[in-house]
Amino acid sequence: MIFLDINKTYHELLNLDQDERYAHQYYLRTGKELSFFQAFSIGIDNPAWEGEPDFSRLEDPETQEHFRQIHALFDADPPSDQTSDITLPERFFIIKDYNVEIQRAQRYIRMFPHRHDFFEIECTLRDSGLHYIGGERVEMHAGDICIVPPGARHNTYVYPDGIMLNIKIRKSTFENVFANILQDRTALSEYFVKTIYTADYCNSLTFHCGEDSFIRELLLCMYEEQFSGKEYANKVIDGLIMTFFAYLIQNYDDTLEFSTAINNSSERIIEIENYIRQNYRSVTLKSTADHFYLSPQYLSTIIKKQTGKSFTEILRTIKMQHARDMLMNTKMKIDDICDAVGYRDTTQFIRTFKKQFGSTPKQYQKQETL
């Protein structure tokens, strides 16, 4: 009998796939993530994944303008006529003969806002990330489980040290395979009924599960079972996802939180935060306001209202995330990392890092390498 080694699976999830390795190289060189379309372009240029990727083309003004136009189509607020009706179909994104597929969300690659005709469940196992849905910005922390209904326009951002698993479930088979869930009178069953039978219902549902080892092991079992190659793997996963739903309702019904679909103008905060992330080394409140043709005071108000944080708090968090990644994945000295993320005073940098992560850069590095 072959047993699943979920601890091994967990550590393998920390490894970067080939797309991510190329994107990580670009990130270390420029401090910027690749967009999905840029990463796809690099993959087409080098389908065998041999040698070093050629990033020079991405810096070509003509190529940059080409990608800018593509991003503008998908990031438009409100969605452009060319993208608003594009929906990712389950037949292309869920394994044939499976009702459920589970995969790891990529890091260092920015996914474009999209819709799909299946359910998607975002499960944060490690660190944290961001989820944008219907113009609302949701912070995802370890243990958060977010259910996204078919038709909802959304995208996610996984922090460099994060692990987020995406569970995709066919809407076309949900009523038959998971009928027991719909029959129960629970908040979860009512939610699924609304999403299946109500047109344009786009609210997400989030459970806050914290450090629950059972959920962690259940998710890892599903993930490993999918790649086991066993004859009844798809049936086992169907059973595990039923257990997953039942466990959520039994233990975390009082933590669930519904998103509130808001008007499309609120999606502008996504563009603003992406701009800060791409220019974090030198960006200021004024330069960001100028980029979006806003006054600094009005921009500050928008950010605080939509995120609950100030511009300075968001920028500081982004800088510290980059600093931690450089600390753990390069041989750069502390002074060089300080300079790379836009701090002039090393003492201030170390103080800020400790406030963010609870230890100095050297202490953090030592703890993480034990």
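Student: How much area does the chain expose, and what share of it do carbon and sulfur atoms supply?

Tutor: The model here is a predicted one, and its chain exposes about 18,700 Å². Carbon and sulfur atoms supply 49% of that area. Among the 370 residues, 50% count as buried. The chain has 17 helices and 13 strands, and 74% of its contacts with a separation of 6 or more are between residues 24 or more positions apart.

Student: Let's look at two helices. Why is α1 called roughly perpendicular to α9?

Tutor: Start with the value: α1 (residues 6-13) and α9 (residues 213-226) pack at an angle of about 80 degrees. Angles from 65 to 115 degrees count as roughly perpendicular, so α1 earns that name relative to α9. Their axes are 9 Å apart.

Student: Which residues of α1 and α9 make the contact?

Tutor: On the α1 side you will find I6, N7, T9, Y10 and L13. From α9 come R216, E217, L220, C221, Y223 and E224. Sorted by class, the contact has six nonpolar, two polar and three charged residues.

Student: On to the strands. What makes β8 and β10 edge strands?

Tutor: Each of them pairs on one side only. Their open sheet runs in the order β8-β7-β10, with antiparallel pairing. In the chain, β8 covers 136-141 and β10 covers 154-158. Neighbouring strands in this sheet are turned by 20 degrees against each other on average, ignoring direction.

Student: How do you know that β7 pairs with β10, and how many bridges join them?

Tutor: Pairing takes at least two bridges. Five bridges join β7 (residues 128-133) to β10, therefore the two strands meet that requirement. For an example you can find in the structure, I133 has H154 of β10 as its bridge partner.

Student: What makes β9 a mostly covered strand?

Tutor: Five of the five residues in β9 (residues 144-148) are buried, and buried means under 20% relative accessible area. D144, C146 and V148 point one way, while I145 and I147 point the other way.

Student: Which strand does β9 pair with over four bridges in the antiparallel sense?

Tutor: That strand is β6, where C123 stands opposite I145 of β9. Strand β12 (residues 205-208) is also joined to β9 by four bridges, again running antiparallel. There, I147 has L205 as its bridge partner.

Student: Now the loops. Why does D97 count as exposed?

Tutor: Compare its value with the cut-off: exposed means over 50%. D97 has 60% relative accessibility, so it counts as exposed. You can find D97 in the loop between α5 (90-93) and β3 (100-104).

Student: And why does D127 count as partly exposed?

Tutor: Partly exposed lies between the under 20% of buried and the over 50% of exposed. At 23% relative accessibility, D127 falls there and therefore counts as partly exposed. D127 sits in the loop between β6 (119-126) and β7.

Student: What is the phi of D97, and what is the phi of D127?

Tutor: Most residues other than glycine have a negative phi. D97 is not a glycine, yet its phi is positive, about 75 degrees. D127 is not a glycine either, and its phi is positive at about 60 degrees.

Notes
Residues are numbered from 1 along each chain as its sequence is written. This is a predicted model: local features need pLDDT of at least 70, side-chain atom pairs count only at pLDDT 80 or more; totals for chains, interfaces and linings use all residues. Side-chain values use heavy atoms; hydrogens and water are left out. Buried means under 20% relative accessible area, exposed over 50%, partly exposed in between (1.4 Å probe, protein chains only). Contact means heavy atoms within 4.5 Å. Accessible areas come from the Shrake-Rupley method with a 1.4 Å probe; for residues, only the protein chains shown count as cover. Axes are lines fitted to C-alpha atoms, for helices over the stretch in contact, and angles run from 0 to 180 degrees between N-to-C directions. Angles under 35 degrees count as roughly parallel, over 145 as roughly antiparallel, 65 to 115 as roughly perpendicular and the rest as oblique. Ala, Val, Leu, Ile, Met, Phe, Trp, Tyr, Cys and Pro count as nonpolar, Asp, Glu, Lys and Arg as charged, and the others, Gly among them, as polar.
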